[in-house]
Amino acid sequence: MSGGGLRVESNGSPAGAPGAQVIILLGSKSDREHQMAIARGLDRFGVTHETRIASAHRVTRYLLDMLEGYERERQPRVYITVAGRSNALSGVVDANTRHPVIACPPYSERFGGMDLLSTVRMPGGVAPLLVLEPEGAALAAAKILAIGDPGIGERIAAWYHDFREQAMADDRAIADG
Ligand code: RP5
């Protein structure tokens, strides 16, 4: 366990490039529901994933130690960061890794949805991608890892095939009354 953190899930899937992996990083265990939707999306494409909890505000040093441990490893990785309210996590992780970071903050309608602004603007040299839907974040991460892993790419292509078939079937069903 890198950094000695609480590891809440690892699907241990054998699929994917040797070692290709998504790390889902949560700011709090209260982000678990969002995390589960991301995990389901990654499972759909056979992408190995692991979940950790490390708030950038509350346990900064702990988070940096955790990232340092991951950075020492050579495997292809994408981070998906999930933190609400004031999202320091996505920017701090992005500034401390060579891997792509996808920010996927949990839904919040409080304060007119203002929390989202903390993920939209970043300082120079800090560039987490932003995907708001958990299934979309999983798909984006899978596509990034598919660059080095044709198996993931094939599963994505198969999923798109079924997705389009369903969309056309919906049209036929409504046209046939
Ligand atoms: C952030 O604020 C968490 O990532 C979560 O989305 C939200 C609420 O956190 P807690 O109330 O569980 O600390 O810190």
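1. Helices here are DSSP runs of H or I with at least four residues, strands are runs of E with at least two, and both are numbered from the N terminus. With that in hand, Pro123 can be placed: this proline lies in the loop between helix H4 (117–120) and E6. Keep in mind throughout that we're looking at a predicted model.

2. Now the overall layout. The protein chain has six helices and six strands, and reading along the sequence gives β-β-α-β-α-β-α-β-α-β-α-α. Of the 177 residues in the chain, 41% count as buried.

3. Back to Pro123 for a moment. Pro123 has 55% relative accessibility, so it counts as exposed, the cut-off for that class being over 50%. Pro123 and Gly91 are 32 residues apart along the chain, yet their C-alpha atoms are separated by 8.3 Å.

4. On to the salt bridges. How many salt bridges does the rule count? The count comes to three. One of them joins the side chains of Arg72 and Glu68, at 3.6 Å from N to O. Why are these two about one helical turn apart? Because Arg72 and Glu68 sit four residues apart in helix H2 (residues 60–72). Arg72 counts as exposed at 60% relative accessibility, while Glu68, at 46%, counts as partly exposed.

5. Arg98 and Glu71 make another salt bridge, with 2.9 Å between the closest N and O atoms. This pair links distant parts of the chain, 27 residues apart: Arg98 is in the loop between helix H3 (89–94) and strand E5 (101–103), and Glu71 is in helix H2. Arg98 is partly exposed at 42% relative accessibility. Glu71 comes out at 17%, so it counts as buried, given that buried means under 20%.

6. The Arg77 and Glu73 salt bridge is worth a look too. Here the closest N and O atoms are 2.5 Å apart. Is Arg77 buried or exposed? At 3% relative accessibility, Arg77 counts as buried. Glu73, with a relative accessible area of 29%, is partly exposed.

7. Next, the pockets. The largest pocket holds about 350 Å³ of space. It is lined by 14 residues, and Asp31, Gly84, Pro106, Tyr107 and Ser108 lie nearest its centre. Which element gives the largest share of that lining? Helix H1 (residues 32–44) does, with three residues. By class, the lining of the largest pocket splits into five nonpolar, four polar and five charged residues.

8. The second largest pocket has a volume of about 230 Å³. Its lining consists of 15 residues, with Gly27, Ser28, Ser55, Arg58 and Gly84 nearest the centre. If you're planning to compare the linings, the one here has four nonpolar, eight polar and three charged residues. Gly84 is named among the residues nearest the centre for the largest pocket and again for the second largest pocket.

9. Outside the pockets, there is a nonpolar surface patch of about 670 Å². Phe111, Met114, Leu116, Leu117, Val120, Leu130 and Leu132 make up this patch. Leu130 lies in strand E6 (residues 129–130). With a relative accessible area of 35%, Leu130 is partly exposed, and that value fits the patch rule because the rule asks for over 30%.

10. Phe111 belongs to the patch and also has a backbone angle to check. Its phi is near 55°, a positive value in a residue other than glycine. Phe111 is found in the loop between E5 and H4, and at 65% relative accessibility it counts as exposed.

11. What is the phi of Arg85 near? It is near 50°, again positive in a residue other than glycine. Arg85 sits in the loop between strand E4 (77–82) and H3. At 68% relative accessibility, Arg85 counts as exposed.

Definitions and conventions. Residues are numbered from 1 along each chain as its sequence is written. This is a predicted model: local features need pLDDT of at least 70, side-chain atom pairs count only at pLDDT 80 or more; totals for chains, interfaces and linings use all residues. Side-chain values use heavy atoms; hydrogens and water are left out. Patches are made of residues with over 30% relative accessible area and no salt bridge: like charges are joined within 9 Å, nonpolar side chains (Val, Leu, Ile, Met, Phe, Trp, Tyr) within 5 Å. Accessible areas come from the Shrake-Rupley method with a 1.4 Å probe; for residues, only the protein chains shown count as cover. A salt bridge is a side-chain nitrogen of Lys or Arg within 4 Å of a carboxyl oxygen of Asp or Glu. Buried means under 20% relative accessible area, exposed over 50%, partly exposed in between (1.4 Å probe, protein chains only). On a 1 Å grid over the protein atoms alone, a cavity is a set of points where a 1.4 Å probe fits but cannot get out, and a pocket is an open set with protein on both sides within 12 Å along at least five of seven lines; lining residues have an atom within 4 Å of a point. Grid points are joined across faces, edges and corners, and a volume is the space filled by probe spheres set on the points. Ala, Val, Leu, Ile, Met, Phe, Trp, Tyr, Cys and Pro count as nonpolar, Asp, Glu, Lys and Arg as charged, and the others, Gly among them, as polar.
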